[in-house]
Amino acid sequence: MDMVNHENFRQFVMDKVNTKVDVSALEEERERIRKLLRQVVGAKAKLTDMPDKLDVMDKHYDQKYQDMHDRLDNLYDKISEYEDSIADITAKIEAVYGNQITGKQIYDILVHFEMMYYKMTDLEKKEFMKDFINSIELYPEKMDNGSIVKQINFKFGVCYEGQDGYSAAQRKNRVECCCLLKRKE
């Protein structure tokens with residue numbers, strides 16, 4: 001909550017998260033496989049015309065016909081393999097774009113964190129924290145000011161008390177307080 005309330009936090013999150021996703025390697029691989037597919041489809045088209053041109057009276061006709069048939073089966077297998085590879089790569093590219101979260105989405109989640117957090121089940125809280133927090137460092141013993149959290153290491157860059165990075169360290173002069181609130185019935 002303290003990070004979100006910092007004046008530079010929103011801009012920091014926007015700058016860090018709104019970077020362009022690079023899928024150029026996947027797109028290059030997909031194009032390479034498309035070229036191979038075009039070559040195999042062309043070879044298949046040529047090969048399908050050849051059995052009609054065979055001389056039926058040739059003593060090796062049956063063997064030649066079978067060889068062409070075997071090559072044609074092999075080409076169909078390659079076509080299927082290339083088409084599956086293209087579909088897999090396309091799905092990966094779509095998943096990368098689909099999973100790209102914007103800085104505004106992260107900021108909105110963090111701004112409404114307190115409200116959302118208290119509505120979550122314990123399992124949802126745990127999963128949420130696993131998505132955001134890489135690790136938490138604790139002091140070996142409770143500090144004089146009552147603090148036990150030394151540092152929180154996030155999976156994304158944060159701006160906390162003027163420091164940019166992937167962690168938020170607890171200041172020594174902070175006071176942590178716990179209180180029990182009860183709903184009036």
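Helices here are DSSP runs of H or I with at least four residues, numbered from the N terminus. With that in hand, select residues 122-132, which form helix H6. What you have open is a predicted model, so take this tour as a walk through computed features.

**Stop 1: helix H6**

Pick Lys 130 and Glu 127 first. Both sit in H6, three residues apart, about one turn of the helix. An α-helix has 3.6 residues a turn, so residues three or four places apart point the same way. Lys 130 and Glu 127 form a salt bridge, and their closest N and O atoms are 3.7 Å apart. How exposed are the two partners? Lys 130 counts as partly exposed because its relative accessibility is 44%, and Glu 127 is partly exposed too, with a relative accessible area of 38%.

Stay on H6 and color Lys 125, Phe 128 and Phe 132: these residues are buried. Now look down the helix axis. The buried residues of H6 fall within an arc of 65 degrees, so they line one face of the helix. Turn the view to the face pointing away from that buried side, and you will find the exposed residues Asp 122, Leu 123, Lys 126 and Asp 131.

**Stop 2: the whole chain**

Zoom out and show the cartoon. The chain has six helices and three strands, and from the N terminus on the elements run α-α-α-α-α-α-β-β-β. Of its 185 residues, 24% count as buried. If you turn on a surface, the accessible area of the chain comes to about 14300 Å², with 51% of it belonging to carbon and sulfur atoms. For a contact map, take the contacts with a separation of 6 or more: residues 24 or more positions apart account for 53% of them.

**Stop 3: the largest nonpolar core**

Next, select Ile 33, Leu 37, Val 40, Leu 47 and Tyr 82. They have the most contacts inside the largest nonpolar core, which has 14 residues. Which elements give two or more residues to this core? They are helix H2 (24-53) and helix H3 (61-99), and H3 gives the most, with eight residues.

Center on Ile 33 and show its neighbors. Leaving aside residues up to four places away in sequence, Ile 33 touches Tyr 82, Ser 85, Ile 86 and Ile 89. Then move to a second, separate core of seven residues, which includes Leu 110, Phe 128, Ile 133 and Phe 154. You have met Phe 128 already, among the buried residues of H6.

**Stop 4: more salt bridges**

The chain has five salt bridges in total. Side chains of opposite charge can pair when their charged atoms come close.

Select Asp 58 and Lys 64 next: this salt bridge has its closest N and O atoms 2.7 Å apart. Asp 58 is partly exposed because its relative accessibility is 25%, and Lys 64 is also partly exposed, at 36%.

Finally, return to H2 and pick Glu 31 and Arg 34. Both lie in this helix, three residues apart, about one turn. Their salt bridge has its closest N and O atoms 4.0 Å apart. Are these side chains buried or partly exposed? Glu 31 counts as partly exposed at 32% relative accessibility, and Arg 34 counts as partly exposed at 33%.

Notes. Residues numbered from 1 in each chain as written. Predicted model: local features only at pLDDT ≥ 70, side-chain atom pairs only at ≥ 80, totals over all residues. Heavy atoms only, no water. Core = buried A, V, L, I, M, F, W, Y, C linked by side-chain atoms within 4.5 Å. Buried < 20%, exposed > 50% of the residue type's maximum accessible area, 1.4 Å probe, protein only. Contact = heavy atoms within 4.5 Å. Salt bridge = Lys/Arg side-chain N within 4 Å of Asp/Glu carboxyl O. Areas by Shrake-Rupley, 256 points an atom, 1.4 Å probe, with all protein chains shown as cover. Arc of directions from axis to C-beta.
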